[in-house]
Structure formats: structure tokens, C-alpha cells
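Here are some exercises to try with the structure open beside you. Have a go at each task before reading its solution.

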Amino acid sequence: MDDLQTPQKDDLRSRLHARLLAGLPAEALLTDPDVTASYAHDMASFCTAGTPAAVVLPRTVEQVQHVMRTATELRVPVVPQGARTGLSGGANASDDCIVLSLVRMDRILEIDAVDRIAVVEPGVVNAVLSRAVAERGLYYPPDPSSWETCTIGGNIGTASGGLCCVKYGVTAEYVLGLDVVLADGRLLTTGRRTAKGVAGYDLTRLFVGSEGSLGVVVKAVLALKPQPPAQLALAAEFPSAAAACAAVCAIMERGHTPSLLELMDRTTVQAVNRMARMGLPDTTEALLLCAFDTPDPAADLAAVGELCTAAGATEVVPAADAAESELLLQARRLSLTALETIKSATMIDDVCVPRTRLAEMLDGTAAVAEKYGLTIGVCAHAGDGNTHPVVCFDHTDEDESRRARESFDEIMALGLALGGTITGEHGVGVLKKEWLARELGPVGLELQRGIKATFDPLGLLNPGKLF
């Protein structure tokens, strides 16, 4: 569509708007350029975004099907969106596309305490679901840092993680079945409601993490767990990242199952203190947070405290109760927000490495920061090796912006060299397309493109992402 002359573009947009309105209520279609521009991008830096031809906010599956049939008829690209809290440009608009925002499909359709499932629409906010199932004595574990605003559909699209992944796993472990509108408007049902099921290829798992490039998720069957006891946490202060990472390895090697095992480096701790005045130890080089939701969390924390001390911790402070634990965990949840106050822009990396290489990852990131003369804070889901180096920079400074991008790439290269992956939970989107090709290799890339072509032969769904 980019090679069309302006009159032709205007004519196509008029036809598109008319065709969309034929199957949508007027309030579901946004065409004012000032309004549609606000849907053009997610929260990632250095990711191009186009100008949408329209934004559609459907409330029903039939409306989504109408959008996809119209898009196929007119050969118009479609970019599915959730709450746009993503960090890789995966929800960014392409020029003259339909942005399909699913935030109004926000109903919790069913909570079944016997089968331990929830059936939800894609626009349900993660925290809303978590609270709703908690009222029934159940637990939905995936809890991204943006859980108060991010949607289940977006979580499925990027295979999101969260703070509890070390014990409970990521979103992919909880998606049992999906209803998906395909590129041509057909409705596909995958998966199951049962505890077990291995019939045919696992199409459900294929859609999880596909970033809206294979179909539009309109309903999900999610697995739930019984509500665990309230967790109890401790904080351990270390004189080096290597010592903190040695403690992480010891904790996992001894067979402990913490509900949370998080790390904050000195830059991150100081940023949180400046923003929230939480009284965290400014002198620490690494702060390790560990929590248990077991029947006897105090005993588990005592054992972990001994391992931290043996690894070189200078201080180990267990929380006295759930309230103190929540205060410690709030510090970790504030990490990204606090780092954003250092400079006018951030690039948030998402490199996951084997736990045994975690210290090398953190030390290597510190070396990259020194090499490029930048502030790079690291917070990490240490228990599963998922690091979030946050590059802080002034987006108005051309040279500093260049150095930020180069440092970001160097950190990803470091992660791959350590046997890791370029993304543990944020997805590929626009930001990491080049790096996905490097990680997959030519054969893997060819097969993945073939899968994309099978589901979306016209290439209309979220074009320009992943590959």
C-alpha cells in the first residue's frame, strides 16, 4: 500500500471504513488521525511505527471475524493489540493497517473450581483475573511487572513471565486452549478443558508467543492452581554480583523451590531508593530477594539465609510477616519504573541465560556499561536466569542514543555467547528481528516462515514483526 498515490490511498481508506462499518457499531471504529495515532506503538524504544488507517475495538468474536474478512478482501494488514505495555514493538502499527485493539473484550466467562480453569476473553487485565480467581480460593500464577494493566491476550501473544516463574513457570504453562480468528476470518478452536490431552499437533502452544502473527486470540482456557499460603520473603545484601549469583546457584542446587528469587544490582537499588525512599541499602552491589509460599516459609528462609551467608552475603534480613514481605517485593516491582527516572529514555533488554552463567552475564553487562559510558541497571528473575538490563540514555542526544543501541546489541550478543536466548518473556517484535534470525539459524528461520505462510498466506497479520 505504500506505493499508492495519495488519492488512491484516500479512496482505499474510504472503502475500508465503509466495509468495516457494515459489520461494526459506529463506536467500535476510530478514524480520527489524532486518535488513531495514540494506538500506533507500545512502550519500546527504537522501534518504528506506522500510521494506521483505522482502529477497531470489537466486543464480539463475530466483529473480529468481520474485521479479518474485510482485511483479507481489501488486502489490508492487521495489527492485533492488547494494552500496549509490550517492550519490543510487537504491537506497533504498520502504515495503513487496521489496528485491532481487543481491550473491550474483557469478560471473565467462567471460573471452574473443580476443573481448575478460567475461561476469559483477551482483554481481561491480568490483575483482575488474579483477584477474581483468588476469591474462589484459586491462583493464576503468571504475574508480569505490568500485571495491573497488561491483558491476558497480550500475555499470550508474548508468552509473558513474571516474578513467580522460578516456581510456577510462564504463561505458556497455563494456556490449555484457545479460540483464534484466522487471517481469513475462520474461527479455530485449539486445545482442551481437560487436565490431560495430546490429540494432534499442539497448536495451542504454537499460538502462545506468536505475537499476533498467526491469528487473533479471542478466548482462552487457562489452568489455575490452588491458592498457596501467603509468601514470606528475605533480602540478602552482597558485596558483588558474582557472590549473589553464587547464592542463587546454591539455592537451586540444594533443591529449594522459592516462589520468587529476584536480583537487583546497585544501580537499580539506588534508583528505587531515590524514587520511593524505601531505605534499601545503597552501598550494596547486589540485593537478592527470596520468598517462599510453603507451609513453613520461615524454615525455608532460614536455610536459604545460611546459603546466602556462605556465599558472602554481608547481611540477611528475613521479613517478620506478610506485610514486610510485600514491602520488599514492592521494591523489585518498582525497579523498571525507577530506572526510567535516570534518563529521558530506556531500552529494556530481556536476555535469559543458564543459571550457571548468570554471574558472567551481570559482570559482562557492567563491562558494556563502562565501555559505552552509559548507566545500565540490571534487575533479574535470578531463579530462572532471566535478566533485564535497562539501558538509560538521553533520547535527544544523538551520540548517546547510538551508544545505547550498540550497547543493547552487545548485551544480546553476550547472552547468546553464554548459551542463552534473546528473549525470556518480552518477545521479539520489531526490536529483536535481526537477533531472532541469529538465534534460530537459517533452517529454523525457514521453517518458522513456512508456518507463518500456512496460517497467513497473504502476510496480513502483524507484518514486519518477528522475521
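**Exercise 1. Find out how enclosed strand β12 (residues 232-238) is, and name its partners.**

Step 1. Start with burial, where buried means under 20% relative accessible area, exposed over 50% and partly exposed in between (1.4 Å probe, protein chains only). Seven of the seven residues of β12 are buried, so the strand is largely enclosed by the rest of the structure. Helices (H or I, at least four residues) and strands (E, at least two) are DSSP runs, numbered from the N terminus.

Step 2. Look at the two faces. In a regular strand, side chains alternate between the two faces of the sheet. In β12, Leu232, Leu234, Ala236 and Phe238 are buried on one side, while Ala233, Ala235 and Glu237 are buried on the other.

Step 3. Add the partners; two strands pair if DSSP finds at least two bridges between them. β12 runs antiparallel to β14 (residues 286-292), joined by seven bridges, with Glu237 opposite Leu287. Four bridges link β12 to β15 (residues 315-318), again antiparallel, and there Ala235 faces Val317.

A note on the source: this is a predicted model, in which local features need pLDDT of at least 70 and side-chain atom pairs count only at pLDDT 80 or more, while totals for chains, interfaces and linings use all residues. Residues are numbered from 1 along each chain as its sequence is written, and side-chain values use heavy atoms, with hydrogens and water left out.

**Exercise 2. Describe how helix α8 (residues 241-253) meets helix α10 (residues 297-311).**

Step 1. Take the axes, which are lines fitted to C-alpha atoms, for helices over the stretch in contact, with angles from 0 to 180 degrees between N-to-C directions. The axes of α8 and α10 come within 8 Å and cross at roughly 140°. That makes α8 oblique to α10; angles under 35 degrees count as roughly parallel, over 145 as roughly antiparallel, 65 to 115 as roughly perpendicular and the rest as oblique.

Step 2. List the contacts (heavy atoms within 4.5 Å). From α8 come Ala243, Ala246, Ala247, Ala250 and Ile251, which meet Val304, Leu307, Cys308 and Ala311 of α10.

**Exercise 3. Work out the layout of the open sheet of four strands.**

Step 1. Its order is β1-β2-β4-β3, with mixed pairing. The edges are β1 (29-30) and β3 (78-81), each with a single partner strand, so one side of each is left without a neighbour in the sheet.

Step 2. β3 and β4 (residues 98-101) run parallel and share four bridges; Gln81 has Ser101 as its bridge partner in β4. Helix α3 (residues 61-74) packs on this sheet, touching β2 (54-56), β3 and β4, and its direction makes about 165° with that of β4.

**Exercise 4. Do the like for the open sheet of five strands.**

Step 1. The order is β5-β6-β10-β8-β9, with antiparallel pairing. β5 (108-112) and β9 (187-191) are the edge strands, each pairing on one side only, and the twist averages 10° from one strand to the next.

Step 2. Four bridges join β6 (residues 117-120) to β10 (residues 216-223), where Val120 stands opposite Ala220. Helix α4 (residues 126-134) lies across β5, β6 and β10, at about 35° to β5.
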